[in-house]
Amino acid sequence: MQKNMLIISAAVVAVAVGGYAFLSGNRAADTTPGVTEFTAQSSQSATDATEAPDVSRVVEMSMGNPDAPVTIVEYSSFTCPHCANFNQGVYNQIIENYVDTDQVHYIKREVYFDAYGLWAALVARCGGAERYHGIAEMLYSEQRDWAGAQDGAQVASNLRRIGRRAGMSDDQLNACLADRDMATALMEVYRVNAERHGIRSTPSFVINDRLYSNMSYAEFETAIANAGGQ
């Protein structure tokens with residue numbers, strides 16, 4: 001099942017961070033592989049705001065050997081069911097068989113098409129790069145639990161609970177969730193990267209600069225081999 005989604009624009013970052021607004025549609029579970037489509041023209045440059053964001057604060061979240069012959073860039077949303085399916089299945093095989101063996105450098109980049117996904121990214125990044133991937137795993141494995149609440153206040157509470165399990169305090173998490181400058185910077189970095197790679201659905205993958213939609217593990221093996229991997 002595919003859905004049409006809107007990316008949050010810079011103009012509504014303040015609402016997304018401070019207003020407990022939920023801007024997406026149904027998040028029913030789907031089978032893997034599959035994609036969630038969105039309308040890219042709704043993306044808006046954060047530079048439309050009064051001041052350009054400080055994008056230097058946005059850290060690239062990567063794993064593996066930066067000098068590996070193959071680089072995979074994953075574009076996913078924390079509220080995308082297809083992304084959750086991928087991250088609980090094929091992703092783990094890629095990490096075990098390619099990243100941990102220094103054959104692939106793996107980069108995760110978030111897509112923000114609803115407020116909850118943006119909040120989740122702020123929480124995932126709140127503990128720094130050393131905690132990011134562990135928090136991301138929790139967000140995907142528990143997606144239905146934390147994102148399935150009927151109101152934003154409960155979703156925020158669910159996200160704080162995950163953050164506390166990762167070793168952060170409520171004060172730290174509240175500061176991250178209220179950080180509009182960081183949210184705007186994340187939006188701008190995403191916009192630039194998505195335009196460069198032509199991202200129109202999640203999850204999407206860029207393997208040595210070639211764009212792919214969601215795939216089975218066997219298809220990843222072929223794509224990695226074609227890109228120069230073993």
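A residue counts as buried when its relative accessible area is under 20%, as exposed when that area is over 50%, and as partly exposed in between. The exercises below apply this wording to a predicted model.

**Exercise 1. The overall picture**

Task: State how many helices and strands the protein has, and what share of its residues count as buried.

Solution: Begin with the secondary structure, where the protein has 10 helices and eight strands. Turn next to burial: of the 230 residues of the protein, 54% count as buried. Finally, consider how contacts are spread along the sequence; among those between residues at least 6 apart, 81% join residues at least 24 apart.

**Exercise 2. The disulfide**

Task: Find which cysteines form a disulfide, in which helices they lie, and whether they are buried or exposed.

Solution: The structure holds one disulfide, and the cysteines that form it are Cys-126 and Cys-176, whose sulfur atoms are 2.1 Å apart. This pair links distant parts of the chain, since Cys-126 belongs to helix α4 (residues 115–126) and Cys-176 to helix α8 (residues 170–177), with their positions 50 residues apart in the numbering. The angle about the S-S bond is 80°, and the link of Cys-126 and Cys-176 is right-handed. As for burial, Cys-126 and Cys-176 are both buried.

Two further cysteines can be judged by the cut-off of 20%. Cys-80 has 1% relative accessibility and therefore counts as buried, and Cys-83, with a relative accessible area of 0%, is buried too.

**Exercise 3. The helices that carry the disulfide**

Task: Describe how α4 and α8 cross, and which residues make their contact.

Solution: The axes of α4 and α8 come within 9 Å and cross at roughly 130°. Angles from 65 to 115 degrees count as roughly perpendicular and those over 145 as roughly antiparallel, so α4 and α8 are oblique to each other. Their crossing is right-handed. On the α4 side the contact is made by Trp-119, Leu-122, Val-123 and Cys-126, and on the α8 side by Gln-172, Leu-173, Cys-176 and Leu-177. Sorted by class, the residues of the contact of α4 with α8 are seven nonpolar, one polar and no charged.

**Exercise 4. A second helix pair**

Task: Work out whether α5 and α7 are oblique or roughly parallel to each other, and which residues meet there.

Solution: Take the geometry as the starting point: the axes of helix α5 (residues 129–141) and helix α7 (residues 152–165) come within 10 Å and cross at roughly 140°. Because of this angle, α5 and α7 are oblique to each other. The crossing of α5 and α7 is right-handed. In the contact itself, Ile-135, Met-138 and Leu-139 of α5 meet Leu-159, Ile-162 and Arg-165 of α7. The contact of α5 with α7 has five nonpolar residues, no polar ones and one charged.

**Exercise 5. Two buried residues and their partners in space**

Task: Locate Tyr-190 and Ile-199, and decide why each counts as buried.

Solution: Tyr-190 is placed in helix α9, and it counts as buried because its relative accessibility is 3%. Although Tyr-190 and Tyr-75 are 115 residues apart along the chain, their C-alpha atoms are separated by 9.3 Å.

Ile-199 sits in the loop between α9 (180–197) and β6 (201–202), and with 1% relative accessibility it counts as buried. The C-alpha atoms of Ile-199 and Leu-211, which are 12 residues apart along the chain, are separated by 8.2 Å.

**Exercise 6. Backbone details in the loops**

Task: Identify which residues a cis peptide bond joins, and where Asp-102 and Asp-209 lie.

Solution: As background, most residues other than glycine have a negative phi, and most peptide bonds are trans. In this model, a cis peptide bond joins Thr-202 and Pro-203, with omega at about -10°. Pro-203 belongs to the loop between β6 and β7 (204–207).

Asp-102 is not a glycine, yet it has a positive phi of about 65°. The residue lies in the loop between α3 (90–99) and β5 (104–110), and its relative accessible area of 45% makes Asp-102 partly exposed. Asp-209, likewise not a glycine, has a positive phi of about 75°. The loop between β7 and β8 (210–213) holds Asp-209, and because its relative accessible area is 60%, Asp-209 is exposed.

Note on methods. Residues are numbered from 1 along each chain as its sequence is written. This is a predicted model: local features need pLDDT of at least 70, side-chain atom pairs count only at pLDDT 80 or more; totals for chains, interfaces and linings use all residues. Side-chain values use heavy atoms; hydrogens and water are left out. A disulfide is a pair of cysteine sulfur atoms within 2.5 Å. Helices (H or I, at least four residues) and strands (E, at least two) are DSSP runs, numbered from the N terminus. Buried means under 20% relative accessible area, exposed over 50%, partly exposed in between (1.4 Å probe, protein chains only). Axes are lines fitted to C-alpha atoms, for helices over the stretch in contact, and angles run from 0 to 180 degrees between N-to-C directions. Angles under 35 degrees count as roughly parallel, over 145 as roughly antiparallel, 65 to 115 as roughly perpendicular and the rest as oblique. A crossing is left-handed if the near helix is turned anticlockwise from the far one by less than a right angle, and right-handed if clockwise. Contact means heavy atoms within 4.5 Å. Ala, Val, Leu, Ile, Met, Phe, Trp, Tyr, Cys and Pro count as nonpolar, Asp, Glu, Lys and Arg as charged, and the others, Gly among them, as polar.
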